[in-house]
Number of protein chains: 2
Amino acid sequence: MNFENIIDAKSEWLNADGPNSDIVISSRIRLARNIKGYPFPHRGEHNSNIEIMEIILSALKKTGFFKGGFIVKMSDLSDLDKQMLLEKHLISKEHLIGQIGSAVAVSKNHDLSVMVNEEDHLRLQVLKAGFRLDECWNLINSFDSELEKYLDFAFSPNLGYLTSCPTNVGTGMRASVMIHLPGLVLMDLINKVMQAVLKLGLAVRGFYGEGSEILGNLFQVSNQITLGKKEYEIISSITRVLDLVIEHERNSREMLRKTGEEKLKDRIGRAYGILTNAYLISTKETIALLSALRLGMDMEYISGIDKGTINELFILTQPAHLQLKTGQALDPDARDIKRAKLIREKLGTNKINDK
Amino acid sequence: MNFENIIDAKSEWLNADGPNSDIVISSRIRLARNIKGYPFPHRGEHNSNIEIMEIILSALKKTGFFKGGFIVKMSDLSDLDKQMLLEKHLISKEHLIGQIGSAVAVSKNHDLSVMVNEEDHLRLQVLKAGFRLDECWNLINSFDSELEKYLDFAFSPNLGYLTSCPTNVGTGMRASVMIHLPGLVLMDLINKVMQAVLKLGLAVRGFYGEGSEILGNLFQVSNQITLGKKEYEIISSITRVLDLVIEHERNSREMLRKTGEEKLKDRIGRAYGILTNAYLISTKETIALLSALRLGMDMEYISGIDKGTINELFILTQPAHLQLKTGQALDPDARDIKRAKLIREKLGTNKINDK
């Protein structure tokens with residue numbers, strides 16, 4: 001795959017399989033790494049950033065992990081391309097702005113990606129469908145080991161991996177899980193549960209990571225602490241907490257089914273009815289309605305739609321995807337029309353006679 | 001038909017045929033009549049009101065116009081029954097409260113009805129689908145003539161028919177038309193047009209007559225003046241004005257098609273999507289969405305649904321109809337569930353798996 005094809009490529013993590021995939025959308029692990037003897041990206045000079053990028057890109061190629069995927073410099077991408085990578089959860093908001101010498105590498109299935117010269121020289125990421133941090137760890141760990149054959153990482157025997165921001169020092173690892181919690185939201189229990197999650201030392205964020213809004217009842221839960229613990233300890237403590245959250249969500253859904261089923265069916269039914277028949281729809285409304293539809297499928301009120309299609313729609317309906325797909329810049333009104341059209345097409349026929 | 005069957009009987013005026021039925025829902029003429037030598041109902045004593053009712057009911061039977069329909073005393077009806085007759089537009093809100101000696105007669109097709117001892121001794125009404133005041137007049141006039149064989153109406157050679165309220169003196173006639181004006185509302189031209197209608201001496205009311213709210217873009221336009229004009233003059237002046245309103249509405253719809261089609265399709269599509277998939281819906285939302293759906297059908301964006309079904313739903317989804325149909329009193333929440341179920345059934349299958 002070259003970069004041109006990425007817009008149409010479906011990321012593997014959108015397949016909606018994997019353990020607990022009725023509640024957990026995806027699992028993600030990222031590692032922060034830096035090259036010994038070079039300043040961190042934001043402190044580096046023009047030439048040293050370029051130099052380090054070339055060293056890293058050459059190493060990435062050698063690993064063989066990006067065959068069928070792509071490795072590309074951020075300076076070679078348009079603003080829409082960059083935005084599209086953000087929408088696919090392959091790069092961060094910070095990487096959009098783009099340091100000198102920034103680049104990105106993405107594997108064939110989009111499960112593995114690397115940001116070059118974001119906050120650190122390297123940010124490795126593995127993203128998989130469902131609740132499987134262990135598998136994420138196995139892949140990222142083997143990739144990290146392979147990479148160490150070609151790169152000399154900044155490492156302190158006392159502290160562990162050195163990182164640009166002290167909150168990442170140690171393992172340099174952030175493990176996070178994207179969970180869909182409409183049951184807890186509808187039962188008005190979400191704040192209680194999230195407060196407990198925070199107290200247990202985890203962070204909670206929105207659909208697009210740090211500082212982003214909670215949309216579509218989607219929450220990202222991740223570890224705060226990277227230092228003084230082994231990777232497997234971090235992963236197992238996050239897993240324990242998430243197991244509890246999943247149980248609470250499952251209970252809430254059953255409570256809703258028992259005590260407010262008409263309200264639940266109304267919410268799900270209206271979401272389906274609007275998504276399949278609207279001709280103008282905003283990103284925010286789309287995400288909220290897709291969340292309700294996803295709940296309807298997970299609770300088996302709705303059948304005959306592929307869950308992967310719903311997951312894909314969360315991404316394909318974002319502004320940059322819509323514009324790249326259309327091949328032109330679109331103002332928000334025009335995007336609302338295209339978005340509604342795409343959703344109707346993906347979900348099946350609507351009622352209006354299109355002349 | 002006896003009274004028990006009326007809940008299921010479809011009034012002929014709901015058939016959605018007739019001239020200009022894409023805009024005019026129904027035409028209605030009513031005549032106010034009083035019996036010579038008796039006080040008006042609200043000034044009548046108990047016995048005289050009862051006496052006059054018996055005289056009138058006996059005359060109504062003799063006419064033969066109510067074969068297959070029913071003649072019933074209001075005191076024999078439950079509150080829900082009365083409410084249902086109001087919802088069917090067969091009696092007025094005032095008649096709900098019910099003077100001593102009040103009664104109602106309805107013809108087989110519901111096109112002809114009489115309220116006994118409402119504001120006047122007799123209020124005759126003819127109601128037909130589409131824009132056909134002439135036909136309404138022909139029917140009510142022949143019925144009125146027939147009735148005069150058995151009853152002696154209070155009539156002054158100078159003033160005409162005498163009525164309880166001076167605004168009805170003369171012809172005693174009110175001609176009205178229920179028009180659906182979503183185009184003018186969406187184009188924000190409705191106030192301008194309605195102001196012109198008022199200036200031309202007509203009155204504008206909502207879905208349930210005097211003092212009722214404008215719901216679902218449905219307007220009742222009627223004559224104000226009953227004195228000093230012949231009936232055919234009143235009818236032809238109302239017809240001239242309505243022809244203009246219809247033309248404006250038609251132009252507005254074409255403007256919407258040309259300049260804001262996506263918005264229009266969005267409104268119609270969402271209405272269809274919600275109506276066919278909701279599990280809880282209020283009367284007000286129902287009327288608003290049925291209005292949009294009706295527009296969609298009249299503008300040929302939606303096909304495969306019978307317009308009569310939509311007209312019928314305006315009536316069947318009202319509170320008393322729902323409760324009589326279910327056979328029990330229902331609180332508003334329970335009605336919202338029944339209403340949604342009825343609509344889904346009438347409009348075809350929905351997406352939710354009902355277990």
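Helices (H or I, at least four residues) and strands (E, at least two) are DSSP runs, numbered from the N terminus. The views below show a predicted model.

**Figure 1. The surroundings of B:Thr226 in a loop of chain B.** B:Thr226 is found between β10 (218-223) and α7 (231-259) of chain B. With a relative accessible area of 3%, B:Thr226 is buried, since buried means under 20% relative accessible area. The side chain of B:Thr226 reaches the backbone oxygen of B:Asn168 at 3.5 Å. Leaving aside neighbours within four places in sequence, the residues in contact with B:Thr226 are B:Thr167, B:Asn168, B:Val169, B:Gly170, B:Thr171, B:Gly172, B:Met173 and B:Ile234.

**Figure 2. Helix α10 of chain A and what covers its buried residues.** Helix α10 of chain A takes in residues 307-316, and 9 of these 10 residues are buried, so the helix is largely enclosed by the rest of the structure. The buried residues are A:Gly308, A:Thr309, A:Ile310, A:Asn311, A:Glu312, A:Leu313, A:Phe314, A:Ile315 and A:Leu316. The cover over them includes two strands of chain A, β1 (24-33) and β10 (218-223). Helices α2 (79-87), α9 (283-298), α11 (319-326) and α12 (332-347) of chain A also belong to this cover.

**Figure 3. The relation between chain A and chain B.** Chain B is superposed on chain A by a rotation of 180° with 0.0 Å of shift along the axis, and the RMSD is 0.0 Å. That is the relation of a two-fold axis. Within chain B, the C-alpha nearest the axis belongs to B:Gly273, at 1.9 Å from it.

**Figure 4. The interface between chain B and chain A.** Chain B gives 29 residues to the contact, and chain A gives 29 residues. Of the interface residues of chain B, 100% are also interface residues in chain A, so the copies meet through the same surface. The size of an interface is often given as the accessible area lost when the parts come together. Here the area buried between the two chains is about 2,600 Å², with 55% of it given by carbon and sulfur atoms.

**Figure 5. Polar and charged pairs across the interface between chain B and chain A.** Between the two chains there are 2 salt bridges. One salt bridge is formed by B:Arg270 and A:Glu285, whose closest N and O atoms are 2.8 Å apart. Residue pairs in polar contact between the chains number 8, counting pairs with both residues at pLDDT 80 or more. On the side of chain B that touches chain A, helix α8 (residues 261-277) of chain B gives the most, with 11 residues.

**Figure 6. The salt bridge between A:Arg250 and A:Asp22.** Over all chains, the salt bridges come to 39. In the one shown here, the side chains of A:Arg250 and A:Asp22 meet at 2.7 Å, N to O. A:Arg250 lies in helix α7 (residues 231-259) of chain A and A:Asp22 in the segment before β1 of chain A, so the pair ties together parts 228 residues apart in sequence. A:Arg250 has a relative accessibility of 33% and counts as partly exposed.

**Figure 7. Buried salt bridges in chain A.** A:Arg123 and A:Asp120 form a salt bridge with the closest N and O atoms 3.0 Å apart, and both residues are buried. A:Arg123 and A:Asp120 are also part of a network of salt bridges that links them with A:Glu118 and A:Glu119. A further salt bridge joins A:Asp266 and A:Arg270, with the closest N and O atoms 3.1 Å apart. A:Asp266 and A:Arg270 both lie in helix α8 (residues 261-277) of chain A, at a spacing of 4 residues, about one turn of the helix. Both A:Asp266 and A:Arg270 are buried.

**Figure 8. Two cysteines, A:Cys165 and B:Cys136.** A disulfide is a covalent bond between the sulfur atoms of two cysteines. Over all chains, a search of the whole structure finds 0 disulfides. A:Cys165 has a relative accessible area of 26% and is partly exposed, whereas B:Cys136, at 0%, is buried.

**Figure 9. B:Ala329 in the loop between α11 and α12 of chain B.** The loop holding B:Ala329 runs between α11 (319-326) and α12 (332-347). B:Ala329 counts as exposed, at 66% relative accessibility. Although B:Ala329 and B:Leu80 are 249 residues apart along the chain, their C-alpha atoms are separated by 8.7 Å.

How values were computed. Residues are numbered from 1 along each chain as its sequence is written. Chains are lettered from A and ligands numbered from 1 in the order in which they are written. This is a predicted model: local features need pLDDT of at least 70, side-chain atom pairs count only at pLDDT 80 or more; totals for chains, interfaces and linings use all residues. Side-chain values use heavy atoms; hydrogens and water are left out. Buried means under 20% relative accessible area, exposed over 50%, partly exposed in between (1.4 Å probe, protein chains only). Contact means heavy atoms within 4.5 Å. Copies are superposed by least squares on the C-alpha atoms of residues with pLDDT of at least 70 in both. A disulfide is a pair of cysteine sulfur atoms within 2.5 Å. Buried area is the accessible area (1.4 Å probe) that two parts lose on being put together, summed over both. A salt bridge is a side-chain nitrogen of Lys or Arg within 4 Å of a carboxyl oxygen of Asp or Glu. A polar contact is a pair of N or O atoms within 3.5 Å; within protein, one must be able to donate a hydrogen and the other to accept it, and residues adjacent in sequence count only if both atoms are side-chain atoms.
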